[in-house]
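Here are a few exercises to work through with the model open in your viewer. Try each task yourself before reading its solution.

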Amino acid sequence: MLPTSEHPRARAGRVVVIGGGIAGLAAAHRLATSGVRVTLLEAGGRLGGKLRTGEIAGAPVDLGAESMLARRPEAVALARAVGLGDRLRPPATATASVWTRDALRPMPQGHVMGVPGNPEALSGLLSAEGVARIGRERELPPAELAEDVSVGTFVAERLGREVVDRLVEPLLGGVYAGDAYRISLRAAVPALFDAVRAAGGSLLDGVREVQRRAAERHETGPVFLGLDGGVGTLPSAVADAVRAAGGEILTETPVLGLTRGTDGWRIRTDAAELTADGVVLATPAWSASVLLAGTAPAASAELARVEYASMALVTFAFRAADAAALPAGSGFLVPPVDGRTIKASTFSARKWAWVADSAPGLFLLRTSVGRHGEEEQLDRENDDLAAASLEDLAEATGLTARPVATAVTRWVDGLPQYPVGHLGRVARVRDAVAALPGLRVCGAAYDGVGIPACVGSGQRAADEIIATAPLVPGTAGEGRE
């Protein structure tokens with residue numbers, strides 16, 4: 001992507017960004033700092049989407065995403081650009097466990113999204129037969145990956161179902177809250193898809209190829225980074241930077257209609273109609289589908305088929321003395337095959353030094369509940385979700401103390417699913433949208449659900465608008481009727 005100074009065509013003009021999640025904010029930031037007059041419209045009263053901070057027992061805590069991949073640069077670079085560079089923090093501990101077969105077992109090293117490069121690394125986590133099955137992969141004919149395939153199907157065929165059920169599934173579930181046997185290998189783990197083809201069709205060799213390429217890039221720093229005070233503080237910092245660059249941000253302003261006229265785009269809200277030279281649509285797929293129904297029906301139909309998973313986070317504050325006997329590490333994952341309610345638990349006070357420092361005398365941790373196809377979990381009352389989480393925590397860790405405070409955060413339809421064929425769908429949506437001058441889409445439904453992917457998606461949309469839209473002189477306040 002071109003830095004701001006390398007956008008020769010960037011000049012004052014009017015672009016409206018619809019959606020105030022981190023993708024929309026990243027797009028607005030790129031546009032505003034490139035000399036484009038931008039107005040961001042957010043339907044709700046809060047910016048940031050699934051990035052959100054709150055308090056429990058008086059202590060600040062992330063109530064949504066809590067970390068960002070550091071080895072993909074976009075989110076870290078954006079944090080630095082908006083003045084948060086000195087608050088970037090690696091986890092205090094990155095060791096985790098898997099709660100499976102009635103015990104907490106160390107998370108193995110040397111895997112790619114749960115796919116091992118060395119069978120022995122999974123000894124203890126898998127049965128002896130499961131480990132032996134991995135070692136027989138080279139006896140199989142080389143895999144042909146000309147087309148897309150689900151992660152679970154491919155890994156099970158090459159290494160056995162036990163690897164999928166005990167390790168791949170919980171890791172993918174932590175990212176997508178989805179089903180490994182439906183999630184696209186090309187879309188979710190593209191580096192592994194490409195490496196398997198480069199390695200001649202061996203999955204084990206593909207994992208080692210991914211690791212070799214990482215070593216060549218000298219990726220030795222932390223894999224993830226958080227922010228002192230919470231990742232949920234990033235959206236407000238980006239919003240402040242947008243305003244400082246002359247941008248306008250309006251919350252509680254749902255967009256009711258989007259049409260293309262002879263003078264550009266018309267964006268109808270319940271309070272006014274705006275005109276713009278360009279539009280960045282940074283809403284969830286279902287909302288984008290509705291807005292595009294009249295102007296891009298093919299894209300609208302594709303977006304209407306994107307499925308979402310819902311989940312809940314249950315955050316607890318315990319007395320520090322009551323949690324002293326918790327096992328070491330940053331928390332644990334739970335394979336769905338084991339039939340538990342929770343799918344993971346993060347020991348926040350262990351994982352993030354800023355959490356521990358801000359809550360002396362307390363120990364904060366959280367559990368996550370809900371996967372694609374398990375939406376009934378979110379029909380449960382808050383007290384029921386908390387009680388079920390405490391029951392699982394007691395069985396997994398021996399923690400039987402009662403918390404001093406509990407908070408339940410629900411993310412209904414929070415995570416788009418990437419089934420086999422997802423990349424083809426995204427390409428069709430983008431082709432249809434690109435036929436309309438000055439319109440682009442971005443967000444978690446397209447190029448990845450992580451924070452860096454969403455930031456990169458928003459920046460890409462902004463760059464393409466800058467390069468193609470007929471931007472004309474204007475101000476952020478012009479264009480209303």
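**Exercise 1: the chain as a whole**

Among contacts (heavy atoms within 4.5 Å) between residues at least 6 apart in sequence, 72% join residues at least 24 apart. This is a predicted model, where local features need pLDDT of at least 70 and side-chain atom pairs count only at pLDDT 80 or more, while totals for chains, interfaces and linings use all residues. Residues are numbered from 1 along each chain as its sequence is written, and side-chain values use heavy atoms, leaving out hydrogens and water.

Task: find out how the radius of gyration of the chain compares with that of a compact globule.

Solution. Start with the rule: the radius is taken over C-alpha atoms, and a globule is given 2.2 Å times the number of residues to the power 0.38. For 481 residues this is near 23 Å, and the chain agrees, with 23 Å. Next, look at the extent: the C-alpha trace spans about 70 × 55 × 40 Å along its principal axes. Finally, consider burial: 56% of the 481 residues count as buried (under 20% relative accessible area; exposed is over 50%, partly exposed in between; 1.4 Å probe, protein chains only).

**Exercise 2: an open sheet**

Task: work out the strand order of the open sheet of five strands, and what packs on the sheet.

Solution. First, the order is β12-β2-β1-β16-β22, with parallel pairing. Strands (E, at least two residues) and helices (H or I, at least four) are DSSP runs, numbered from the N terminus, and two strands pair if DSSP finds at least two bridges between them. At the edges, β12 (248-250) and β22 (439-441) each pair on one side only. Then zoom in on β16 (residues 278-281), which pairs with β22 over three bridges in the parallel sense; Val-279 has Leu-439 in β22 as its bridge partner. Lastly, helix α16 (residues 451-468) packs on the sheet, touching β1 (14-18), β16 and β22, and its direction makes about 170 degrees with that of β22 (axes are lines fitted to C-alpha atoms, for helices over the stretch in contact; angles run from 0 to 180 degrees between N-to-C directions).

**Exercise 3: one tyrosine**

Task: decide whether Tyr-176 is buried or exposed, and list what it touches.

Solution. Begin by locating Tyr-176 in helix α5 (residues 161-176). Its relative accessible area is 5%, so Tyr-176 is buried. Not counting residues up to four places away in sequence, its contacts include Ile-183, Ala-309, Leu-415 and Val-449. To finish, measure along the chain: Tyr-308 lies 132 residues from Tyr-176, yet their C-alpha atoms are separated by 9.2 Å.
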